[in-house]
Amino acid sequence: LRFIAQFFAEGKEMDDLVARGLEIANLGERIDDKVETYSKGMARRLLVARALMIKPKLAILDELTSGLDVLNAQEIRKTVKSFASQGTTMLLSSHNMLELELLCDRIALINDGMIVAEGTPAELKQRYGAQNIEEVFVRVVRK
């Protein structure tokens, strides 16, 4: 966290960024342990903290909760939603359509490198007569 913070600030401002990162990561006493000893969820929380501690205008997050247990995934989703509500634009890339439906205001579905559908989750579900975004994706790519 300190390494990344030094690219954006110095002195007290850098310390404030690191403190924000520590709060986001929520690793408690484990923060000083070697990253190699972290669970996948702990490592992901650290990466999300590193990305969001600087309060970017845009955060690009790939496979946000891939491979995480339910508790860690939910914690990371809450963090992302919180930052989005504070004005950070989140660009999420994921194969988890249900998660995207939970998190995104707008969705672009991509197949073979091409956008095949886009809109709000509600618009997409209505347009394709689907119960969820995963069903929308299946219907769009099987046309």
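Where does F7 lie? Let's work that out, along with a few other puzzles. This is a predicted model, in which local features need pLDDT of at least 70 and side-chain atom pairs count only at pLDDT 80 or more, while totals for chains, interfaces and linings use all residues. Residues are numbered from 1 along each chain as its sequence is written, and side-chain values use heavy atoms, with hydrogens and water left out.

**Exercise 1. Place F7 and describe its surroundings.**

Step 1. F7 sits in the loop between helix 1 (2-5) and helix 2 (11-25). Helices (H or I, at least four residues) and strands (E, at least two) are DSSP runs, numbered from the N terminus.

Step 2. F7 has 55% relative accessibility, so F7 counts as exposed. The scale runs like this: buried is under 20% relative accessible area, exposed is over 50%, and partly exposed is in between (1.4 Å probe, protein chains only). F3 is exposed too, at 54%.

Step 3. A search of the whole structure finds one aromatic pair. The ring centres of F3 and F7 are 5.1 Å apart and the planes stand at 90 degrees, so this pair is edge-to-face. For reference, rings of Phe, Tyr and Trp (its six-membered ring) pair if their centres lie within 6.5 Å; planes under 30 degrees apart are stacked, over 60 edge-to-face, and the rest tilted.

Step 4. Together with F8, F3 and F7 make a nonpolar surface patch with about 380 Å² of accessible area. Patch members have over 30% relative accessible area and no salt bridge; like charges are joined within 9 Å, and nonpolar side chains (Val, Leu, Ile, Met, Phe, Trp, Tyr) within 5 Å. Accessible areas come from the Shrake-Rupley method with a 1.4 Å probe, and for residues only the protein chains shown count as cover.

**Exercise 2. Sketch the whole protein and find its core.**

Step 1. Count the elements: there are seven helices and four strands. Their order from the N terminus is α-α-α-β-α-β-α-β-β-α-α.

Step 2. Of the 143 residues, 39% count as buried.

Step 3. Now look inside. The largest nonpolar core has 39 residues, and L64, M90, L92 and V136 touch the most other members. Such a core is a set of buried Ala, Val, Leu, Ile, Met, Phe, Trp, Tyr and Cys residues joined through side-chain atoms within 4.5 Å.

Step 4. Zoom in on V136. Beyond its neighbours within four places in sequence, V136 is in contact (heavy atoms within 4.5 Å) with L109, L124, K125, Y128 and A130.

**Exercise 3. Compare three salt bridges.**

Step 1. A search of the whole structure finds eight salt bridges, each a side-chain nitrogen of Lys or Arg within 4 Å of a carboxyl oxygen of Asp or Glu.

Step 2. Begin in helix 2, where D16 and K12 meet at 2.9 Å, N to O. Being four residues apart, D16 and K12 are separated by about one helical turn. K12 is exposed at 61%, whereas D16 is partly exposed at 36%.

Step 3. Next, R45 and E75 meet at 3.4 Å, N to O. R45 belongs to helix 3 (residues 40-52) and E75 to helix 4 (residues 70-85), so this bridge ties together parts that are 30 residues apart in sequence. R45 is buried at 11%, while E75 is partly exposed at 26%.

Step 4. Finish with E135 and R139, whose closest N and O atoms are 3.6 Å apart. Both lie in helix 7 (residues 133-141), four residues apart, about one turn of the helix.
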